[in-house]
Amino acid sequence: MTKACLRLKTQLKDLPLGQSLHYFASVSSTMDAARELARNGAPHGTIVVAAKQLKGRGRMNRVWVSPKGGLYASFIVRPHRAIEEIPQLSLVAGLSVAEAIRDIAKLHPAIRWPNDLLLQDQKVCGILVEACHGAVIIGIGINVSTNPRELPPEAISLKACAAASTDIEALMVAVCRHLSAWYAVWSTSSFAPIREALRPWIGLFGRVVRVRAGTHQFEGTAVDLDEAGQLVIRLDFGLHRALAVGEVTFLR
Ligand code: BTN
């Protein structure tokens with residue numbers, strides 16, 4: 001076991017999410033490693049972390065560029081909530097990462113509903129939630145001190161935004177701490193407290209957006225998050241529409 005892994009294990013041992021840690025210097029994707037562990041019955045709270053990924057992936061099978069210098073982690077959780085509530089875990093994770101970035105990097109990212117975090121309108125973190133083998137896997141990728149030449153043009157790192165610290169280990173501990181706490185809230189109460197905590201981080205309200213949801217596309221002003229975490233947009237002709245999932249592009 002490497003020193004980095006041992007240090008992480010010690011710091012996470014008392015957290016509900018983090019009691020079982022699998023650390024890789026290099027892996028194809030922490031999602032795939034976590035899927036395999038879930039298939040073999042890995043318990044709730046198991047985490048897979050990698051220093052780099054060779055085949056990191058994002059939503060819609062996009063590539064997630066994953067050289068050294070980023071934080072790559074997948075969390076196996078076994079929720080007892082209705083299936084339609086599972087997409088809320090993207091927001092639970094986004095809130096937890098935003099708070100971790102605030103604590104460690106002293107930066108204030110904006111959450112681009114439902115699963116990206118932005119700094120300077122560029123992507124600094126992506127979240128991927130997948131269900132498999134009776135479990136849910138929450139994948140988190142953060143560009144911490146990633147070389148800008150290796151990142152896609154729409155991405156940015158914490159380092160490039162003058163982060164107070166780019167200590168990946170400290171950031172990982174903070175993510176686990178916040179995610180453990182917010183996951184406990186999510187699994188035992190309603191979405192209401194999470195919605196309230198999310199409000200200051202949602203960088204969408206008042207902005208004109210296009211949301212692609214499956215084969216549908218909506219344009220309007222983002223106005224609110226509803227009680228289930230759906231994005232409410234005011235369509236150009238005045239009607240309101242709540243969307244459970246989708247891909248947001250800023251128009252203005
Ligand atoms: C997205 O923005 O589309 C989601 C990106 C998710 C990336 C993370 S990095 C850790 C985990 N392993 C992966 O292969 N993907 C997720």
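## A tour of two pockets, a sheet and a ring pair

Start with strand β6, which gives the most to the lining of the largest pocket: 5 residues. Keep in mind that this is a predicted model.

**Stop 1: the largest pocket.** Select residues 122–132 to show β6. Then add G58, W64, D116, K123 and G126, the lining residues that lie nearest the pocket centre. In total, 38 residues line this pocket. Its volume is about 640 Å³.

Now colour the other contributing elements. Those that give two or more residues to the lining include helix α2 (30–39) and the strands β3 (70–77), β5 (116–119) and β7 (135–143). Strand β12 belongs to that group too. Switch to colouring by residue class: the lining has 17 nonpolar, 12 polar and 9 charged residues.

**Stop 2: the second largest pocket.** Keep β6 selected. Which element gives the most to the lining here? Again it is β6, with 5 residues. Add α3 (88–105), which like β6 supplies at least two lining residues.

To centre the view, pick I86, P87, S90, A244 and V245, which lie nearest the centre of this pocket. The lining has 21 residues, and the volume is about 360 Å³. By class, the lining divides into 12 nonpolar, 5 polar and 4 charged residues.

**Stop 3: the open sheet.** Select β12 again, at residues 247–250. This strand gives two or more residues to the lining of the largest pocket, and it is also an edge strand of a sheet. Show the whole sheet: 5 strands, in the order β11-β10-β9-β8-β12. The sheet is open and its pairing is antiparallel. At the other edge is β11 (240–243). Each edge strand pairs on one side only. On average, neighbouring strands are turned by 45° against each other, direction ignored.

Zoom in on β10, residues 231–235. How many bridges join β10 to β11? There are 4, and the two strands run antiparallel. For one of the contacts, select V232: its bridge partner in β11 is A242.

**Stop 4: the ring pair.** Move to helix α4, residues 168–188. Select Y183 and W186, which sit 3 residues apart in α4, about one turn of the helix. Are these two residues buried or exposed? Both are buried.

The count of aromatic pairs in the model comes to 1. The ring centres of Y183 and W186 are 5.5 Å apart and their planes stand at 50°, so the pair is tilted.

Notes
Residues numbered from 1 in each chain as written. Predicted model: local features only at pLDDT ≥ 70, side-chain atom pairs only at ≥ 80, totals over all residues. Heavy atoms only, no water. Pairing = 2+ DSSP bridges. Axes fitted to C-alpha atoms, helices over the stretch in contact; angles between N-to-C directions. 1 Å grid on protein atoms, 1.4 Å probe; cavity = no way out; pocket = protein on both sides within 12 Å on 5 of 7 lines; lining within 4 Å. Points joined across faces, edges and corners; volume = space filled by probe spheres on them. Nonpolar A, V, L, I, M, F, W, Y, C, P; charged D, E, K, R; others polar. Phe/Tyr/Trp six-rings, centres within 6.5 Å; stacked < 30°, edge-to-face > 60°. Buried < 20%, exposed > 50% of the residue type's maximum accessible area, 1.4 Å probe, protein only.
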